[in-house]
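Thanks for coming. I will take a few minutes on one structure, starting with the sheet and then moving to the helices and a few single residues.

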Amino acid sequence: MIRVAVIGLGIGQRHVRAYMENPNTEVVGVVDINPQRTQEVEDEYGLPAFRGLETLLDNVTVDAASICTPPALHAPQVEQLAIAGVH
């Protein structure tokens, strides 16, 4: 079982649904700065939702992540995930 997180819940909500349907993945958390989006995903799927990547990494074990934020934000998020040992 691969423990995944989804970072950014615009297009990322599609990633959440796809992971939820995959028997080999477990969504262990989602991140978005928009509290309405995190609340919607938390309510619909019962997933832990976080307002920041650091908070997610401090609270759950993640094997892999989908980064679904605007492209300008990817590099620092990839770096933070790589330092944490996440693919």
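**The sheet, the helices and two residues**

Strands β1 and β4 pair in the parallel sense, over four bridges. Within that pairing, V6 has S66 in β4 as its bridge partner. Before going further, please keep in mind that this is a predicted model.

On to the other side of β1. Strand β1, residues 2-7, also pairs with β2, again in the parallel sense, and here over six bridges. Two positions help to fix the register: R3 has E26 in β2 as its bridge partner, and V4 stands opposite V27 in β2. Between these two strands the chain passes through helix α1, residues 12-21, and the β-α-β crossover from β1 to β2 is right-handed.

Next comes β3, which is residues 49-50. It pairs with β2 in the parallel sense over two bridges, and V31 stands opposite F50 in β3.

What is the strand order when these pairings are put together? The four strands form an open sheet, ordered β3-β2-β1-β4, with parallel pairing. The edge strands are β3 and β4, each pairing on one side only. As a reminder, strands of a sheet pair through backbone hydrogen bonds, either parallel or antiparallel.

How covered is β2? Strand β2 spans residues 25-31, and six of its seven residues are buried, so to call it mostly covered is fair. E26 lies in this strand. Is E26 buried or partly exposed? It is partly exposed, because its relative accessible area is 39%, and the buried class ends at 20%. Leaving aside neighbours within four places in sequence, E26 is in contact with M1, I2, R3 and V4. R3, then, appears both in this contact list and as the bridge partner of E26. E26 and V16 are 10 residues apart in sequence, and their C-alpha atoms are 9.6 Å apart in space.

V16 takes us to α1. In this helix, G12, Q13 and V16 are buried. These residues are on the same side of α1, because they cover an arc of only 105° around the axis. The general background is that an α-helix has 3.6 residues a turn, so residues three or four places apart point the same way. What do the buried residues of α1 pack against? They pack against β1, β2 and α2, the last being residues 35-45. On the face of α1 turned away from its buried side we find the exposed residues R14 and E21.

A word on the two ends of α2. At the N-terminal end, N34 acts as a cap, with a side-chain oxygen 2.8 Å from the backbone nitrogen of Q36. Just after the helix, G46 takes a positive phi of about 70°.

Now to β4 and what follows it. Helix α4 lies across β1 and β4, and runs at about 175° to β4. The loop between β4, residues 64-67, and α4, residues 74-83, holds T69. Is T69 buried or exposed? T69 is buried, because its relative accessible area is 15% and the cut-off for buried is under 20%.

Which side chain does T69 make a polar contact with? The partner is the side chain of Q77, at 2.6 Å. Beyond its neighbours within four places in sequence, T69 is in contact with I7, G8, H74 and Q77.

Q77 itself lies in helix α4. Q77 counts as buried too, because its relative accessibility is 14% and buried means under 20%. With neighbours within four places again left aside, the contacts of Q77 are I7, L53, I67 and T69. I7 therefore turns up in the contacts of T69 and of Q77, contact meaning heavy atoms within 4.5 Å.

To recap: an open sheet of four strands in parallel pairing, a right-handed crossover through α1 between β1 and β2, and a polar contact between the side chains of T69 and Q77. That is what I have; the floor is open.

Key:
Residues numbered from 1 in each chain as written. Predicted model: local features only at pLDDT ≥ 70, side-chain atom pairs only at ≥ 80, totals over all residues. Heavy atoms only, no water. Buried < 20%, exposed > 50% of the residue type's maximum accessible area, 1.4 Å probe, protein only. Pairing = 2+ DSSP bridges. Right-handed = clockwise from strand over helix to strand, strands pointing away. Polar contact = N/O pair within 3.5 Å; in protein donor to acceptor, adjacent residues only side chain to side chain. Axes fitted to C-alpha atoms, helices over the stretch in contact; angles between N-to-C directions. Arc of directions from axis to C-beta.
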